[in-house]
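Reader: I would like to go through this model step by step, with each answer reasoned out before it is given. Could we begin once the sequence and structure are in view?

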Amino acid sequence: MKTTPQPADSDAGSEALGRLLLDKQFHGDLEGTSKGTMLAAGTAVKGSAGHVAIEIVTGTLNGRTDTFALQHTGTMTRGTPRLSVTVVPDSGTGQLTGL
């Protein structure tokens with residue numbers, strides 16, 4: 001996975017908000033790539049932060065090819081991570097419709 005930090009945007013609310021572009025490659029049951037955007041917020045407490053992200057995956061999943069979207073929600077509470085990644089409902093296209 002490659003992340004590319006984007007410039008801070010004062011109109012977005014705070015310098016504490018970060019934005020990163022995502023560029024991933026997948027190998028295994030899912031063969032493909034994805035591009036996405038992550039928004040993250042840090043805190044004054046070391047090891048605590050949160051992020052959300054959306055990415056569009058293009059590839060082959062168990063022999064079926066096309067695209068779908070993933071939604072991420074993550075938190076870090078004083079060093080303890082929690083992450084949820086969900087396929088966006090009805091985002092599958094082509095052979096991945098209904099994923």
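The questions and answers below go from the overall fold to single residues.

Reader: What pattern of secondary structure does the chain follow along its sequence?

Author: It should be said at the outset that this is a predicted model. The chain has 0 helices and 6 strands, and its C-alpha trace spans about 45 × 30 × 25 Å along the principal axes. Read from start to end of the sequence, the pattern is therefore β-β-β-β-β-β.

Reader: In what order do the strands lie in the sheet, and which strands form its edges?

Author: The 6 strands form an open sheet with antiparallel pairing, in the order S1-S2-S3-S4-S5-S6. Each edge strand pairs on one side only, and neighbouring strands of the sheet are turned by 20° against each other on average, direction ignored. The edges are strand S1, residues 2-5, and strand S6, residues 80-87.

Reader: How many bridges join S1 to S2, and which residue of S2 is the bridge partner of Thr4?

Author: Strand S2 covers residues 17-26 and pairs with S1 in the antiparallel sense over 4 bridges. Along this pairing Lys2 stands opposite Asp23 of S2, while the partner of Thr4 in S2 is Leu21.

Reader: Where does Gln6 lie, and which residues does Gln6 touch beyond four places in sequence?

Author: Gln6 belongs to the loop between S1 and S2, and because its relative accessible area is 23%, it counts as partly exposed. From Val45, which is 39 residues away in sequence, Gln6 is separated by 23 Å in space, C-alpha to C-alpha. Leaving aside residues up to four places away in sequence, Gln6 touches Arg19 and Leu21.

Reader: How many residues lie between S2 and S3, and which residue in their turn has a positive phi?

Author: Strand S3, residues 30-42, pairs with S2 in the antiparallel sense over 10 bridges. Two of the partnerships place Gly18 with Ala40 of S3 and Leu20 with Met38 of S3. S2 and S3 form a hairpin with 3 residues between them, and the turn residue with a positive phi, of about 125°, is Gly28.

Reader: Over how many bridges do S3 and S4 pair, and what is the phi of Gly47 in their hairpin?

Author: S3 and strand S4, residues 49-61, pair in the antiparallel sense over 13 bridges, and in S4 the partner of Gly42 is Ala49. The hairpin of these strands has 6 residues between them, and within this hairpin Gly47 takes a positive phi near 85°.

Reader: Why does Asp66 deserve a second look, and is this residue buried or exposed?

Author: Most residues other than glycine have a negative phi. Asp66, however, has a positive phi near 155° without being a glycine, and it lies within strand S5, residues 64-77. Its relative accessibility is 30%, and because buried means under 20% and exposed over 50%, Asp66 counts as partly exposed.

Reader: Where is Arg78, and what is its relative accessible area?

Author: Arg78 lies in the loop between S5 and S6, whose hairpin has 2 residues between the strands. Although Arg78 is not a glycine, its phi is positive, at about 50°. Arg78 is exposed, since the threshold for exposed is over 50% and its relative accessible area is 64%.

Reader: How many residues of S6 are buried?

Author: S6 pairs with S5 in the antiparallel sense over 8 bridges, with Gly74 standing opposite Leu83 of S6. S6 is also an edge strand, pairing on one side only. S6 lies largely in the open, because the number buried among its 8 residues is 0.

Reader: What share of the whole chain is buried, and how much accessible surface does the chain have?

Author: Of the 99 residues in the chain, 23% are buried. The accessible surface, of which 56% belongs to carbon and sulfur atoms, comes to about 6500 Å².

Reader: How far apart do the centres of the positive and negative side chains lie?

Author: The comparison rests on two sets, 8 positive and 9 negative side chains. Taking the centre of each set, the distance between them is 9 Å.

Definitions and conventions
Residues numbered from 1 in each chain as written. Predicted model: local features only at pLDDT ≥ 70, side-chain atom pairs only at ≥ 80, totals over all residues. Heavy atoms only, no water. Buried < 20%, exposed > 50% of the residue type's maximum accessible area, 1.4 Å probe, protein only. Areas by Shrake-Rupley, 256 points an atom, 1.4 Å probe, with all protein chains shown as cover. Lys, Arg positive; Asp, Glu negative; His and termini not counted. Charge placed at Lys NZ, Arg CZ, Asp CG, Glu CD. Pairing = 2+ DSSP bridges. Axes fitted to C-alpha atoms, helices over the stretch in contact; angles between N-to-C directions. Contact = heavy atoms within 4.5 Å.
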